[in-house]
Amino acid sequence: MRVQPFNDPLPHQRRKRFFAWQVEITTRCPLSCRMCIRQGLPGWIEADMSLADFRRLVPYFDDVGTIILQGWGEPLLNNDLVPIIRAAKQGTGDSAGYRPPDVGFVTSGKGLDAHTSAALIDAGLDFIGFSLAGSSAAVHETIRMKSDFSALVNAIHTFSELQANKGATQPRSHIVYLMLRDNMRDLPLLPRLARDVGVRSIVLTNLIHVATGWQDAQRVYSCGGHNEYEEVLKETAIRARELGVHLRYPGLIARERPVCEEDPLRNLYISVSGEISPCVYLNPPASSPFKRIFCGRESAIEKVTFGNVLQESFGRVWEVDAYENFRERMRRRDTRSGTISSFLFAISGVRRKPDTRSLPDPPAPCRTCHKMLGV
């Protein structure tokens with residue numbers, strides 16, 4: 001999942017080297033969602049990142065714009081969540097001029113009570129997303145198994161009211177809605193629900209890692225051609241605009257991108273055990289190789305990691321030859337795309353997307369990832 005971008009630094013400030021680091025603080029989850037990859041991947045490993053291990057990462061955050069406390073689990077299950085947020089915002093205390101990143105996560109809301117909400121706000125949380133899979137209990141609860149729709153809606157409303165009563169402008173809150181064939185009929189109802197619970201931003205997402213036949217059948221995006229859900233998106237966008245709710249959504253028709261939205265040139269993923277990967281989709285906490293279904297075709301993918309930041313310095317991992325080669329493949333695609341775009345504009349005066357068939361191949365494990373299709 002991609003979050004709201006952090007604010008660019010002021011002209012006199014040094015630009016941060018990294019856009020976002022996704023740091024997994026737990027792989028545990030209280031739900032059993034039908035669209036989760038653990039439904040199709042055996043050998044799931046359940047673990048939490050300790051506060052002590054997280055603090056070892058904090059010195060690196062000075063050069064990171066956003067820290068997403070998110071992996072393949074529910075962040076609220078880590079008992080050290082609040083001190084983890086405080087550590088990321090305050091730094092280690094050893095370095096002067098520490099520039100804290102934006103810090104946040106997405107939650108199922110399971111177990112989020114008023115006490116925890118207040119603690120999160122007071123800790124300095126910058127953004128929080130609430131996951132919904134429907135605008136009604138009947139739809140949401142048949143997809144997010146073990147979730148209580150009414151309890152979730154009440155938790156979001158309570159969070160919004162607490163924040164308003166405190167006069168706090170942070171965290172920025174949004175609703176994250178994973179689009180599936182079974183919940184698209186509920187989508188136009190979402191903007192009003194968001195407004196009623198005090199949330200003014202909605203982020204729609206697609207099902208990226210597909211691991212079961214049911215999940216593949218639930219994809220709402222097309223790997224080519226016409227898409228039947230474009231009108232539903234348009235209707236939802238109109239309702240959101242009328243209600244003053246910001247709506248952001250991905251494409252529904254696959255169009256290959258030079259560099260995927262995860263952007264391994266400026267982003268990375270750190271697993272609960274400290275392993276560094278280009279993105280969350282390349283290192284699930286399950287057996288390797290793991291199953292991936294790409295546009296209806298099944299393949300086996302080896303997990304991709306380049307080193308452990310809890311066992312060696314980040315700089316050493318970042319400069320590993322295999323990691324540099326991975327990034328260089330993406331860099332060449334990015335550079336080549338920019339060159340083609342500039343050429344097309346020069347001869348036609350029209351901005352056009354380059355034909356990605358003329359670009360170098362992406363890294364092997366990315367060739368069967370839906371993120372490369374811009375959805």
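This report covers the sheet, one helix and two buried residues of a predicted model.

## The sheet

The model is predicted. Its open sheet has nine strands, in the order β7-β6-β5-β4-β3-β2-β1-β8-β9. The pairing is mixed. Strands of a sheet pair through backbone hydrogen bonds, either parallel or antiparallel.

Two strands stand at the edges: β7 (246-248) and β9 (276-277). Each has a single partner strand, so one side of each is left without a neighbour in the sheet. At the β9 edge, the partner is β8 (residues 267-270), and this pairing is antiparallel over two bridges. Ile270 is bridged to Ile276 of β9.

## Strand β6 and its neighbours

Strand β6 spans residues 201-205. Five of its five residues are buried, so the strand is largely enclosed by the rest of the structure. Its side chains split two ways. Ser201, Val203 and Thr205 point one way, while Ile202 and Leu204 point the other way. Both sets are buried.

On one flank, β6 runs parallel to β5 (residues 172-178), joined by four bridges. Val176 has Val203 as its bridge partner in β6. Helix α6 (residues 190-196) completes a right-handed β-α-β unit with β5 and β6. β6 also pairs with β7, in the parallel sense, over three bridges. Here Val203 has Arg248 of β7 as its bridge partner. Val203 thus takes part in bridges to Val176 and to Arg248.

## Val103 in strand β3

Val103 sits in β3 (residues 102-107). Which side of the burial cut-off does Val103 fall on, buried or exposed? Its relative accessible area is 0%, so Val103 is buried; the cut-off for buried is under 20%.

Sequence-distant residues surround Val103. It touches Ile67, Leu69, Ile85, Ala88, Lys89, Leu125, Asp126 and Phe127, leaving aside residues up to four places away in sequence. Thr66 is 37 residues from Val103 in sequence, yet their C-alpha atoms are 5.9 Å apart.

## Helix α3

Helix α3 covers residues 114-123. Asp113 caps its N-terminal end. A side-chain oxygen of Asp113 lies 3.3 Å from the backbone nitrogen of His115. After the helix comes Gly124, with a positive phi near 100°.

The buried residues of α3 are Ser117, Ala118, Ala119, Leu120, Ile121 and Ala123. Their cover includes α2 (81-90), β3 and α5 (149-166). Ser117 is one example, with a relative accessibility of 1%. Beyond four places in sequence, Ser117 touches Leu112, Phe159 and Leu162.

## Thr26 in a loop

Thr26 lies in the loop between β1 (18-23) and α1 (51-57). Its relative accessibility is 2%, so Thr26 counts as buried.

What polar contact does the side chain of Thr26 make with that of Asp48? The two side chains are joined at 2.6 Å. A polar atom of the Thr26 side chain also lies 3.4 Å from the backbone oxygen of Ala47. Beyond four places in sequence, Thr26 touches Ala47, Asp48, Trp72, Gly73, Glu74, Pro75 and Val272.

Notes
Residues numbered from 1 in each chain as written. Predicted model: local features only at pLDDT ≥ 70, side-chain atom pairs only at ≥ 80, totals over all residues. Heavy atoms only, no water. Pairing = 2+ DSSP bridges. Buried < 20%, exposed > 50% of the residue type's maximum accessible area, 1.4 Å probe, protein only. Contact = heavy atoms within 4.5 Å. Polar contact = N/O pair within 3.5 Å; in protein donor to acceptor, adjacent residues only side chain to side chain. Right-handed = clockwise from strand over helix to strand, strands pointing away.
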